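Work through the exercises below with the sequence and the model open. Try each task before reading its solution.

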Amino acid sequence: MDAGLTRLALLVAATALLPGCYYGHLLKGQYELLSRREPVDALIAKPDTDPALRRRLERALEARAFASRELKLPDNGSYTAYADLGRPYAVWNVFAAPELSLQPHEWCYPFLGCLAYRGYYDPQRAQRDANDLRKQGMDVLVSGVAAYSTLGWFDDPLLNTMGGTDDDLAGTIFHELAHQVEFADGDTAFNESFASFVEQQGLKQYLKAAPELIAAARQRQQREDEFIALVLATRTRLEAVYADAAPDAAKRERKVAEFARLRADYEALKRNWGGDARFDGWMSGEPNNARLLPFGLYQAWVPAFEALFRQENGDWTRFYGKVKELAKLDEEERLGRLEQLKKGTHIF
């Protein structure tokens, strides 16, 4: 057993006597995940490895090498091992927001600050806590998550939950490794937008080296961009509704109307796509404010990071240096700098 896993095992044992302890549940889940790791090289070499999995792992190693070589992302043991969790998601995240607000409910953690979601290895536990929030009048979303980063504390493995196409897998690796570069305590939108930018820009460069993937990937990205724009437009209109001085009853009616409009706009978009139903699962969920939260968090500052990357002439090392400088600022000043970047203003 490696030293990191040994330390984690001791922490699991130390929390075992704390009934209902959220952190004990996290430690146990992380330990179980890490204990399932198998070296990718060994799995590829095994004659009885499923051919589809072998090809998938070979692609993952290519993307992993590209991440460090071309994107200057951390060169460590992350994503050089594989773990089959025997379930569809790595974790389940709970998001919550007030009935008439898009301000996310936050949970605070040691070392990480306050974040706009809470993760669970146990989906029943996630649903139970989500129901408690609903009883408080909150809009709630429980969302399965394919992967997450331990921010370099452990060597994160590839997971069976990382589905999708080969470029989806590469993007996930880029996104999660970006969290190891920088993570600003308590600023979910900054952290997720930064990782989303690295994922998107990294994929543009990666696909140039994998021309057989380009055409399909471009179509998927275009449709994803169109869908995100649709949801963000709904967010913007709802923010105006909630900021209005109208009575709450009127706001509730307008909220229902906006989600109905989103449904109609999505159906029109699907017709333009020839019936592509890739976002039907998301649209079938309960229409509420919490469902809109990840879009604002993961996309809010992507244009700002795009501008900063251009200012640094596409030099990844210099770009990461500037991101680290931003992360060190207090939240108000960081927000101001990001707003300037979105407007095209040089800030360094």
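## Exercise 1: A pocket and its lining

The lining of the second largest pocket holds 13 nonpolar, six polar and seven charged residues. This is a predicted model.

**Task.** Find the volume of the second largest pocket, the lining residues closest to its centre and the helices that each supply at least two lining residues.

**Solution.**
1. Start with volume. The second largest pocket has about 610 Å³.
2. Go to the centre. Of the 26 lining residues, Ala189, Gly296, Leu297, Ala300 and Trp301 are the closest to it.
3. Assign the helices. H7, H8 (214-243), H11 and H14 each give at least two residues to this lining.

## Exercise 2: A cavity

**Task.** How many cavities of 30 Å³ or more does a search of the whole structure find, and which residues line the largest cavity?

**Solution.**
1. Count. The search finds one cavity of 30 Å³ or more.
2. Take its size. The largest cavity has a volume of about 50 Å³.
3. List the lining: Leu33, Tyr79, Ala147, Tyr148, Asp156, Pro157, Leu159 and Met162.
4. Sort the lining by type. Seven residues are nonpolar, none is polar and one is charged.

## Exercise 3: Two residues with positive phi

**Task.** Lys72 and Tyr79 both call for a look at phi. Is each residue buried, partly exposed or exposed?

**Solution.**
1. Recall the background. Most residues other than glycine have a negative phi.
2. Read the angles. Lys72 has a positive phi of about 60°. For Tyr79, phi is positive too, near 65°.
3. Place them. Lys72 sits in the loop between helix H4 (51-70) and strand E2 (81-83). Tyr79 is in the loop between H4 and E2.
4. Check accessibility. Lys72 has a relative accessible area of 44%, so it is partly exposed. Tyr79 has 0%, so it is buried.
5. Link back to the cavity. Tyr79 is one of the residues lining the largest cavity.

## Exercise 4: The span of a helix

**Task.** What should helix H6 (residues 166-181) span at 1.5 Å a residue, and what does the model give?

**Solution.**
1. Count residues. H6 has 16.
2. Apply the rule. The expected span is 1.5 Å times one less than the number of residues, which gives 22 Å for H6.
3. Compare. The end C-alpha atoms of H6 are 23 Å apart, which agrees.
4. Look at cover. In H6, 14 of the 16 residues are buried.

## Exercise 5: The cores

**Task.** Which members of the largest nonpolar core touch the most other members, and which helix supplies the largest share?

**Solution.**
1. Begin with the general trend. In soluble globular proteins, nonpolar side chains tend to be buried together.
2. Pick the hubs. The core has 81 residues, and Leu73, Leu158, Phe174 and Phe319 touch the most other members.
3. Find the main contributor. Helix H7 (residues 188-208) gives nine residues, the largest share.
4. Look for another core. A second, separate one has 19 residues, including Ile228, Leu230, Leu262 and Trp273.

## Exercise 6: Helix H12 and Phe305

**Task.** Is helix H12 (residues 302-311) largely enclosed or largely open? Which residues does Phe305 touch, beyond four places in sequence?

**Solution.**
1. Count the buried residues. Seven of 10 in H12 are buried, so the helix is largely enclosed by the rest of the structure.
2. Name them: Val302, Ala304, Phe305, Ala307, Leu308, Phe309 and Gln311.
3. Find their partners. These buried residues pack against H7, H11 (289-299), H13 (316-328) and H14 (331-342).
4. Zoom in on Phe305. Its relative accessible area is 0%, so it is buried.
5. List contacts. Beyond four places in sequence, Phe305 touches Phe190, Ser193, Phe194, Phe197, Phe319, Val323 and Leu338.
6. Check the partner. With the same neighbours left out, Phe319 touches Phe194, Phe197, Val198, Phe305, Leu308, Phe309 and Glu312.
7. Compare sequence with space. Phe305 and Ala195 are 110 residues apart in sequence, yet their C-alpha atoms are 9.7 Å apart.
8. Step past the helix. Just after H12, Asn313 has a positive phi of about 55°.

How values were computed. Residues are numbered from 1 along each chain as its sequence is written. This is a predicted model: local features need pLDDT of at least 70, side-chain atom pairs count only at pLDDT 80 or more; totals for chains, interfaces and linings use all residues. Side-chain values use heavy atoms; hydrogens and water are left out. Helices (H or I, at least four residues) and strands (E, at least two) are DSSP runs, numbered from the N terminus. Buried means under 20% relative accessible area, exposed over 50%, partly exposed in between (1.4 Å probe, protein chains only). A nonpolar core is a set of buried Ala, Val, Leu, Ile, Met, Phe, Trp, Tyr and Cys residues joined through side-chain atoms within 4.5 Å. Contact means heavy atoms within 4.5 Å. On a 1 Å grid over the protein atoms alone, a cavity is a set of points where a 1.4 Å probe fits but cannot get out, and a pocket is an open set with protein on both sides within 12 Å along at least five of seven lines; lining residues have an atom within 4 Å of a point. Grid points are joined across faces, edges and corners, and a volume is the space filled by probe spheres set on the points. Ala, Val, Leu, Ile, Met, Phe, Trp, Tyr, Cys and Pro count as nonpolar, Asp, Glu, Lys and Arg as charged, and the others, Gly among them, as polar.
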